[in-house]
Amino acid sequence: MTDVIPAPAQARLAVRGGGTFPVRRVYCVGRNFADHAREMGAAVAASKATRGQPVFFMKPADALVTGEVVHYPPATADLHHEVELVVALGRDAPPGILDREQAAQLVFGYGVGLDLTRRDLQSAAKQAGLPWDTGKAFDESAPVSELVPAAAIGELAPRRLSLAVNGEERQAGLLSDLVWDVPDILHELSRLNALRAGDLVFMGTPAGVAALHPGDTCEARLDDAIMLRCRIAAARVP
Ligand code: MN
């Protein structure tokens with residue numbers, strides 16, 4: 001059978017060393033650094049023993065931005081940055097709930113990204129007990145760096161994630177402070193969905209989230225290992 005419309009473009013990320021990574025789904029984790037959970041007013045415990053269940057939400061794959069320009073989104077007066085580690089899965093998960101070792105084997109590599117958030121819409125949704133989609137899952141809401149193969153990054157825990165806006169550091173956190181580390185999150189996700197090659201996971205943000213405005217420049221880093229640069233451009237009609 002013939003497609004009755006042109007096939008939508010496949011979202012892809014560049015890979016350091018060559019090639020591209022086609023993206024299937026974009027999962028996101030909320031409240032994964034205790035200091036950010038506190039600044040958002042959540043009564044979350046930082047200890048692994050008392051952490052409960054992670055918060056998951058999604059962004060559409062076509063919300064990814066791989067160029068340097070991100071347009072200020074419509075329908076908000078409070079666009080926030082959230083710098084995050086991005087995990088890219090290179091294999092389909094085996095059937096069943098993943099243990100930590102199985103989870104680690106799925107990882108292709110890492111990037112850094114911004115979970116851009118229409119905070120005013122998200123806050124209104126939270127207060128009304130409604131889903132977060134309008135606050136989180138909008139066009140151009142997910143700038144992401146190139147992906148770096150996992151072997152080139154090595155151990156994640158000592159790595160420092162940071163974001164500077166207009167040259168001034170706004171957010172920073174050590175990955176050892178993640179409430180749920182990467183295998184933990186893949187284990188939890190595997191209870192909910194079949195994980196597949198091409199899936200991305202935004203791992204949550206440390207404290208310091210704040211507003212972005214047209215003209216701002218962002219530089220997100222995982223140490224000197226991975227960097228994302230982008231600039232917020234004036235709004236355009238959706
Ligand atoms: Mn986030």
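Where is the place of Ser-145? Select Ser-145 in this predicted model: the residue sits in the loop that runs between strand E11 (142–143) and E12. Ser-145 has a relative accessible area of 5%, so it counts as buried, the limit being under 20%. Show its surroundings next. Beyond the neighbours within four places in sequence, Ser-145 is in contact with Leu-13, Gly-111, Val-112, Ile-226, Met-227 and Leu-228.

**The sheet**

From the loop, move on to strand E12 (148–149), which is an edge strand. E12 belongs to an open sheet of 6 strands with mixed pairing, in the order E4-E3-E15-E8-E9-E12. The other edge strand is E4 (55–59); each of these two pairs on one side only.

Now colour strand E8 (residues 83–89) and strand E9 (residues 107–114). These two are paired in the antiparallel sense, over 7 bridges. To find one of the partners, pick Leu-89: its bridge partner in E9 is Val-107.

**The metal site**

Select the manganese ion. Which residues are its protein donors? They are Glu-82 (OE), Glu-84 (OE) and Asp-115 (OD), at 2.0 to 2.1 Å from the ion. Along the chain the donors follow the spacing E-x1-E-x30-D.

Switch to a surface view and check the two glutamates. Glu-82 has a relative accessibility of 4% and counts as buried. Glu-84 is buried as well, with a relative accessible area of 0%.

**Lys-136**

Stay with the donors and add Lys-136, which is in contact with Glu-82 and Asp-115, among others. Lys-136 lies in helix H4 (residues 133–136). Is this lysine buried or exposed? With a relative accessible area of 2%, Lys-136 is buried. Leaving aside neighbours within four places in sequence, its other contacts are Phe-57, Lys-59, Leu-116, Thr-117, Arg-119, Gln-122 and Ser-141. Two of these, Phe-57 and Lys-59, can be picked out on the edge strand E4 (55–59).

**The largest pocket**

Last, select the lining of the largest pocket: His-71, Tyr-72, Pro-73, Pro-74, Arg-118, Phe-138, Asp-139, Glu-140, Arg-236, Val-237 and Pro-238. The volume of this pocket is about 150 Å³. How many of the lining residues are nonpolar, polar and charged? The division is 6 nonpolar, 1 polar and 4 charged. Colour the lining by these classes to see the charged residues, including Arg-118 and Glu-140, beside nonpolar ones such as Phe-138 and Val-237 in the list.

Definitions and conventions:
Residues numbered from 1 in each chain as written. Predicted model: local features only at pLDDT ≥ 70, side-chain atom pairs only at ≥ 80, totals over all residues. Heavy atoms only, no water. Donors = N, O, S within 2.8 Å, 3.2 Å for Na, K, Ca; no water. Buried < 20%, exposed > 50% of the residue type's maximum accessible area, 1.4 Å probe, protein only. Helix = DSSP H or I, 4+ residues; strand = E, 2+ residues; numbered from the N terminus. Contact = heavy atoms within 4.5 Å. Pairing = 2+ DSSP bridges. 1 Å grid on protein atoms, 1.4 Å probe; cavity = no way out; pocket = protein on both sides within 12 Å on 5 of 7 lines; lining within 4 Å. Points joined across faces, edges and corners; volume = space filled by probe spheres on them.
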